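Okay, everyone, thanks for coming. I'll put the structure up and then walk us through a few spots in it.

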Amino acid sequence: MGTSTSISDISSSDMGFSVTKVNPDDKVIALAGNPNVGKSSVFNQLTGLKQHTGNWPGKTVTNAQGICSYNGQNYIMVDLPGTYSLMAHSQEEETARDFLCFGNPDAAVIVCDATCIERNLNLVLQTLEITSKAVVCVNLMDEAKKHGVNVDLEKLSSRLGVPVVGTVARKGEGLEKLMDSIHDVLTEDRQPFIIRYIKPVEAALEIITPVLSDKFAGRNISLRWAALRLLEGEETLVKSMSQYLGTDINSDADIQTVISEAWRLLAENGIEKERLCDIIVSCIVLTAEDICVGSVSCSDSEYRVLDRRADKLLTSRLTGIPVMVLLLCIVFWITLSGANIPSEMLSTAFTSLEKILLNACIRAGFPEIIYKPVIFGIYHVLTWVIAVMLPPMAIFFPLFTILEDLGYLPRVAFNLDKCFKKCSACGKQALTMCLGFGCNAAGIVGCRIIDSPRERLIAILTNCFVPCNGKFPSLISIITMFFVISGAGILRSLSSAFILTAVVLLGVFMTFAASKILSQTVLKGHPSSFTLELPPYRRPDFGNILVRSVLDRTLFILGRAVSVAAPAGLVIWLFANVYIGDLTLLQHCSGFLDPFARVIGLDGTILFAFILGSPANEIVVPLIIMSYMSGGTITEASGLWQLKQLLVQNGWTWVTAVNMMLFSLMHWPCTTTLLTIKKETGSIKWTFLSLVIPTLFGIMSCFLFTSIVRLFQAVLP
C-alpha cells in the first residue's frame, strides 16, 4: 500500500501542524492509540516504511508522516504519539489531543489492543466525542486468539456506531479492510456513540453549547466536547483552543458568563471541579465496561499466566533488580564482544582511504596548510568517531529495542520506581536512563515521557551520569589494561563486562544522589503519581526493530556526533600544531591545568583531553596518546599493551586509572547533548547547570578517592 511518491509541505491545519501532501485532494488520517498497541506496525505497513519525520512547530515532540496510496487515493497517515487519554498531562498527550481536536484531520483511526479492549475504549470514546469520522482498528487479533480472547467486531461496531476492523498489523492482515473502512467513513454520514453524563453535567453543557454555536460558527469543532473541556478549564487546552479559534477565550465575556452560570448550577448540585473530573473519568470507564459486555469474552482461564510467572521473577523485590543487573551485564558483554572486529575493519578501511587521499593531495600539488588540517584534523577525527561509535551502537540499540518490544523496559521502571520516589523524582526516569546508555542526547529527548516539568528537568540534568556509547571505549580500554584478569578471550570479555556493569551501577547511584539533591534545592517538590502499564510480553518484530534501531537511533545519533566532530577535528589539529616558543598550544594548556589536575589524581594532559574531547567523548583517549607521544595528529597505540606502557611511562598508576574512570563517568555532557538540552529546555540556565552538576560530582569523587588513597599510603608502611 505504501508509496514512494515525492512529497511537498502543504499545511492542512490552522494550528501550524505541517502535514505533507502530494496534492490538495489527499486525505489526512490521524493514527492514534495507547502505547504498546502496535500503532507503529499499522503505520509502517500502510506507508511501506516511507516516512517523513519532523517536529511539531513550537513543540519538542516528533511526528511521523507517510503516504498510503489505496484505490487511486492518497492518504497522509500522521502517526500521533501514544496516549491513554485526551485529558492530556504530557507533551505527547497534548500533541495527540491538539491534532485530533484542532489539526483538522479528515478522519481518525484509533488502534486498540485486542487483548485489553476495555481499557483502550477509553481513548475511543473520547475521540468519538470529537469526530464522527473515526475507525476503530482492533490490532493484535492473533494474540487475542492465542489467549482465548474473543472480540465480536460486528457487535462492537454496532454499539460504537463506527466501523471496527480486526488486524494483525505486523503480518499485514486486515489492513485492506481498514482502508476500505476509512474510505467509507469519509464518504458517509454516521452518528457515533456519544457518552451521556449525569443530569447536572448535561444541564451545564446545555447552558454553554448555544453560545459556543454562535462563537464557533463555521469552525470544525464539536460544540459538546468544547463545552465540556471549557468546564474543566485545563489551561493548555484552553490555550490551544484559543489559538485555533483566533480569539482569547479567557477574555471573551459571553463565554465566561455562561461558564460561570454552568458552574453555579453544578455547585447547587454539590459538584466541584475535582469531582467533575472524577465524574467524567468514571463515566467513560463505566461506559467502556458496558460496551464490552457481550462484545468481548475470554474463554481461557489461564490467560497471561506465563506473564504473571515471568513478572514474579522480573519484578519481585528479591529478584527484580538482580535480574535487571544480569541482563545489563549480558547486553554489555554482547556489545563489547561484537563491536571489536567491525571497529577494527572500519578503522583499517578508513586508514587505507586516508593514505589514498593523502597521496592524491600530494600529487595534485595542494599546499600542506590546506590538506593537512583537512586530512589529519577533520577527516581523522570524523573517521575515528565513526569507527568507534557505529559498531557498538549498531549492536546496543537493537538489543535495547528488543527489550523494549518484549515489554521489559516498563518492568525496569517498575523496579526502580521506589528508588526514584525516595529521591522525589519520577520512576519513568529509569527509561530515560536506559536510553542514555546508547546516547545521552537520546536520553534527554526521551525525558519527554515524564509529565511533571520539575521531574523532567531532574531527569535531564542527571542523565549524563549514565555512561553513553561514547564513554564506553575509554572505560573499556582502562578496565582491560589495569583491572581485567588475564586469560582466554571470553574470560577477559566477561570480566570487562562485569567491571563495566559495576561502573554503570555507580553512575546509577550518582543519578539517585544528584536527583535527591536537586529535589531538595533548586527543584523542590514532591514526587508525582503516574500510571505505569506493564504490557504483555510479546515476540519482537525484528523488521521494525531494525528500522527503529538503525535509522531512528543509530544513524540519527551518529549524524549528530559527526556534525560536531568535524569542526572539532580542525580545532584539535590547530592546538597540536601551532607553536608558541618550543611548545604547542596543546602542551601549554596541559601545563597550565596540571597543578589542579594533580590534586584530583589526574594530570594536565588528561584534563585538557577531556576539554578538547567535548564534541565527542570517543576522542579523549586518542588525544591523551597524541599529547604523550608529542604527535601532531590524533593517533592510537598499536595495542593495549603498548598503550599501557606509554601511560605508565607518563606517570599512570592504578589510582590514575580509577580517577580517569570516575571523571569519564562524571563530567560535563558532550556538545551534542548540551545542544539537545538547550533545545529541550529552551533555557541557558538549565543547560549551564547540566554542565556544572556532573563536573562538580566528578571533581569531588576524584579528589575524595585520591585523598583517601594518599592517606592510606602515608599511614601504611
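Let's begin with the whole chain. If you take the contacts in the protein with a separation of 6 or more, 74% of them come from residues 24 or more positions apart. Keep in mind that what you're looking at is a predicted model. The protein has 28 helices and 13 strands. Of its 717 residues, 54% are buried.

Now, the strands. Find β3, which covers residues 27-33. How many of the seven residues of β3 are buried? Six of them are, so the strand is largely enclosed by the rest of the structure.

And who pairs with β3? One partner is β6, residues 73-79, and the pairing is parallel, over five bridges. If you want to see the register, Lys27 sits opposite Tyr75 in β6, and Val28 stands opposite Ile76. Another partner is β7, residues 107-113, again in the parallel sense and over five bridges. There, Ile29 has Ala107 as its bridge partner. As for β6, six of its seven residues are buried, so β6 is also largely enclosed by the rest of the structure.

Just before β6, have a look at Asn71, in the loop between β5 (62-70) and β6. Its phi is near 55°, which is a positive value in a residue other than glycine. Buried or exposed, then, for Asn71? Its relative accessibility is 68%, and the cut-off for exposed is over 50%, so Asn71 counts as exposed.

Compare that with Leu140, in the loop between β8 (134-139) and α4 (141-146). Leu140 isn't a glycine either, and it has a positive phi of about 65°. But Leu140 is buried, because its relative accessible area is 8% and buried means under 20%.

Okay, on to helices. Go to α7, residues 199-215, and pick out Glu202. That's a charged residue by our grouping, and at 13% relative accessibility Glu202 counts as buried. What does its side chain meet? A polar atom of the Glu202 side chain is 2.8 Å from the backbone nitrogen of Tyr197. Setting aside neighbours within four places in sequence, Glu202 touches Ile195, Arg196, Tyr197 and Arg224.

Next, a helix pair. Helix α8 (residues 223-232) packs with helix α11 (residues 273-292) at an angle of about 140°, and their axes are 10 Å apart. So α8 and α11 are oblique to each other. From α8, the contact uses Leu228, Arg229, Leu231 and Glu232, and from α11 it uses Lys273, Leu276 and Ile280. Sort those residues and you get four nonpolar, three charged and no polar. A bit of background here: an α-helix has 3.6 residues a turn, so residues three or four places apart point the same way.

For a helix that's mostly covered, try α19, residues 472-482, where nine of the 11 residues are buried. Among the buried ones are Phe472, Leu475, Ile478, Ile479 and Phe482. There are also Ser474, Ser477 and Thr480 in that buried set.

Two loop residues to finish. Where is Ile450? In the loop between α17 (440-446) and α18 (453-462). Its relative accessibility is 0%, so Ile450 counts as buried. Ile450 and Cys426 are 24 residues apart in sequence, and their C-alphas are 7.3 Å apart in space. Leaving out neighbours within four places, the contacts of Ile450 include Cys426, Lys428, Gln429 and Thr432. On that list, too, are Glu455, Arg456 and Ala459.

Finally, His667, which is in the loop between α26 (654-665) and α27 (671-681). With a relative accessibility of 1%, His667 counts as buried. Which side chain makes a polar contact with the side chain of His667? That would be Asn617, at 3.2 Å. A polar atom of the His667 side chain also lies 3.2 Å from the backbone oxygen of Ser664. Beyond the four-place neighbours, His667 is in contact with Cys464, Lys471, Phe610, Asn617, Pro694 and Thr695.

That's my tour. Shout if you'd like me to turn back to any of these spots.

Conventions
Residues are numbered from 1 along each chain as its sequence is written. This is a predicted model: local features need pLDDT of at least 70, side-chain atom pairs count only at pLDDT 80 or more; totals for chains, interfaces and linings use all residues. Side-chain values use heavy atoms; hydrogens and water are left out. Axes are lines fitted to C-alpha atoms, for helices over the stretch in contact, and angles run from 0 to 180 degrees between N-to-C directions. Helices (H or I, at least four residues) and strands (E, at least two) are DSSP runs, numbered from the N terminus. Angles under 35 degrees count as roughly parallel, over 145 as roughly antiparallel, 65 to 115 as roughly perpendicular and the rest as oblique. Contact means heavy atoms within 4.5 Å. Buried means under 20% relative accessible area, exposed over 50%, partly exposed in between (1.4 Å probe, protein chains only). A polar contact is a pair of N or O atoms within 3.5 Å; within protein, one must be able to donate a hydrogen and the other to accept it, and residues adjacent in sequence count only if both atoms are side-chain atoms. Two strands pair if DSSP finds at least two bridges between them.
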